[in-house]
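Subject: Structure handover

Hello,

Here is the structure for you to look over. My notes follow below it.

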Amino acid sequence: MTTRELCYDDICCGCGACVVRCPQNAISIMENEYGFTYPSIDSNRCIDCEACKNICSFNNEKIVHKFKCYASGNQNDDLLMKSASGGVFSAIAYNFIKEGGYVCGSASFFKNGKASVEHIIINQLEDLYQLQGSKYVQSNTVDCFKEIGKLLKNGSKVLFSGTPCQVDAVKALYKKYSGISLFTIDIICHGVPSQSFFNGYLKEYQKKKKSELYYIDFRNKKYGWGLTGIAKFKDGHEETITPEKSSYYRYFLDGEIYRENCYKCPYANLNRVGDMTIGDYWGVEKYSPELLEKGNLFKEKGISCLLTNNDAGEKLLFEYGTQLVTYPVQIDKILKINTQLKEPAKHSEKRQIILKKFRYKGYGEVEKAFNRALVWGKIKSMIKNIIKKVIGK
């Protein structure tokens, strides 16, 4: 079998729409040397029909929507506390399922200490928890895209939530259903690391703790709305995860470990592709303090920002979002901290260093470098404090 690449790394988001659309089953997903996934064409099967190129939404012109902007929070406390921010997705998904619809979102599965992150489809309320929370790693979507097609053709309603490129892909695949029986929610996305890189981190983490991991949530509200997570181990203990002590979490937030295309993301602006866009309303206490005085939005429990981008988005909010409380806000306030609504993520020279360490020596070397930097940072801080005391005297 001879293969060839479909497109360059910096213009492929890895959504898998081309795999689903190919009439010859000539395209498969392969990992590159850094663990990122890309489509590869079997030249012996390919008939040069260009269906793969035509379905690719990442490089197509985006439609400009007129959006409405809100601050929002789920009034169902159980759903809210399992959500990363204000629980908008869970509120809408809950009612969508109650009315007989299917919901598709990202879920994490652990086996033998390794994580598999993939989009799954549910239609039972007891399964909704699997789709809640932040995963911070790219999910596999090919299988769910195929299943969504079957559901739509059979007359079912489907709600899909994912990154903007994943949303654009499913809309391109099933265009005639969009806004009729296919509804979409895109998240305000920083960028996505690879599952291979993530599992490298998990391997080192478990080695250090000498116990197998079965659960990880980078943002858990046990400690309030913010950036503190929880890891749970099979020996019964759990511990907090913070950007200060987790190499993966730190490098994720710093934008150093995303796919190449994330730094040229055409979705990192206000031309949103989902019927609805959701994210955290960071800085609400500073930019909209009056909302906290109303008594039904709570900073410690999480508050979302949401955009309805078309009529279908308004339908999602007002027909399925009955558990939500919403207040109109100016988009400028949301943009203060949610910079991904203005421009793509940026990285420093660290990115290539990190990825090369991972490629040639494994994640253990990435972890060692991170720990050395932590120690050196503490030493520099101690020196500064000593100098201040001496000068102060």
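Start with one contact. D10 and K264 form a salt bridge, with the closest N and O atoms 2.7 Å apart. The pair links distant parts of the chain, 254 residues apart. D10 sits in the loop between β1 (3–5) and α1 (17–21). K264 sits in the loop between α8 (247–253) and β12 (276–280). D10 is partly exposed, at 22% relative accessible area. K264 is exposed, at 51%.

Please keep in mind that this is a predicted model.

**Other salt bridges**

The structure holds 14 salt bridges. Two others are worth opening in your viewer.

One of them joins K68 to E314, where the closest N and O atoms are 3.7 Å apart. K68 belongs to strand β4 (residues 68–74) and E314 to helix α11 (residues 311–320), so this pair ties together parts that are 246 residues apart in sequence. Are the two partners buried or exposed? K68 is partly exposed, at 46% relative accessibility. E314 is buried, with a relative accessible area of 18%. The cut-off for buried is under 20%.

The other joins K207 to E204, with 3.3 Å between the closest N and O atoms. Both residues are in helix α7 (residues 195–209). They are 3 residues apart, so about one helical turn separates K207 from E204. An α-helix has 3.6 residues a turn, so residues three or four places apart point the same way. K207 counts as exposed, at 52% relative accessibility. E204 is buried, at 18% relative accessible area.

**A positive patch**

Which residues form the positive surface patch? They are R21, K153, K175 and K176. Take K176 as the one to look up. K176 lies in the loop between α6 (164–173) and β8 (182–187). K176 is exposed, with a relative accessible area of 63%.

**An enclosed helix**

Now helix α4, residues 88–98. Of its 11 residues, 9 are buried, so the rest of the structure largely encloses α4. The buried residues are V88, F89, S90, A91, I92, A93, N95, F96 and I97. After α4 comes G100, with a positive phi near 95 degrees.

**Strands and hairpins**

Two hairpins are easy to find.

The hairpin of β2 and β3 has 5 residues between its strands. Strand β2 covers residues 27–31 and strand β3 covers residues 37–42. They pair in the antiparallel sense over 5 bridges. E31 stands opposite T37 in β3. In the turn, G35 has a positive phi of about 95 degrees.

The other hairpin is made by β10 and β11, with 4 residues between them. Its turn holds G236, which has a positive phi of about 105 degrees. β10 and strand β11 (residues 238–241) pair in the antiparallel sense over 4 bridges. Here G229 stands opposite I241 in β11.

β10 also pairs with strand β9 (residues 213–217). Those two run antiparallel and are joined by 4 bridges. L213 has F233 in β10 as its bridge partner. Why does β10 count as largely enclosed by the rest of the structure? Because 4 of the 5 residues of β10 (residues 229–233) are buried.

**Two asparagines to check**

Two residues other than glycine also have a positive phi: N25 and N112.

For N25, phi is near 50 degrees. N25 lies in the loop between α1 and β2. It is exposed, with a relative accessible area of 56%.

For N112, phi is about 55 degrees. N112 is found in the loop between β5 (102–111) and β6 (114–122). Its relative accessibility is 63%, so N112 counts as exposed.

**Where to look**

A short list for your session:

- D10 and K264, the salt bridge between two loops.
- K68 and E314, the salt bridge between β4 and α11.
- K207 and E204, the salt bridge within α7.
- R21, K153, K175 and K176, the positive surface patch.
- α4, with 9 of its 11 residues buried.
- β10, paired with β9 and with β11.
- N25 and N112, for their positive phi.

Best wishes

Definitions and conventions
Residues are numbered from 1 along each chain as its sequence is written. This is a predicted model: local features need pLDDT of at least 70, side-chain atom pairs count only at pLDDT 80 or more; totals for chains, interfaces and linings use all residues. Side-chain values use heavy atoms; hydrogens and water are left out. Patches are made of residues with over 30% relative accessible area and no salt bridge: like charges are joined within 9 Å, nonpolar side chains (Val, Leu, Ile, Met, Phe, Trp, Tyr) within 5 Å. Accessible areas come from the Shrake-Rupley method with a 1.4 Å probe; for residues, only the protein chains shown count as cover. A salt bridge is a side-chain nitrogen of Lys or Arg within 4 Å of a carboxyl oxygen of Asp or Glu. Lys and Arg count as positive and Asp and Glu as negative; His and the chain ends are not counted. The place of a charge is taken as NZ of Lys, CZ of Arg, CG of Asp or CD of Glu. Buried means under 20% relative accessible area, exposed over 50%, partly exposed in between (1.4 Å probe, protein chains only). Two strands pair if DSSP finds at least two bridges between them.
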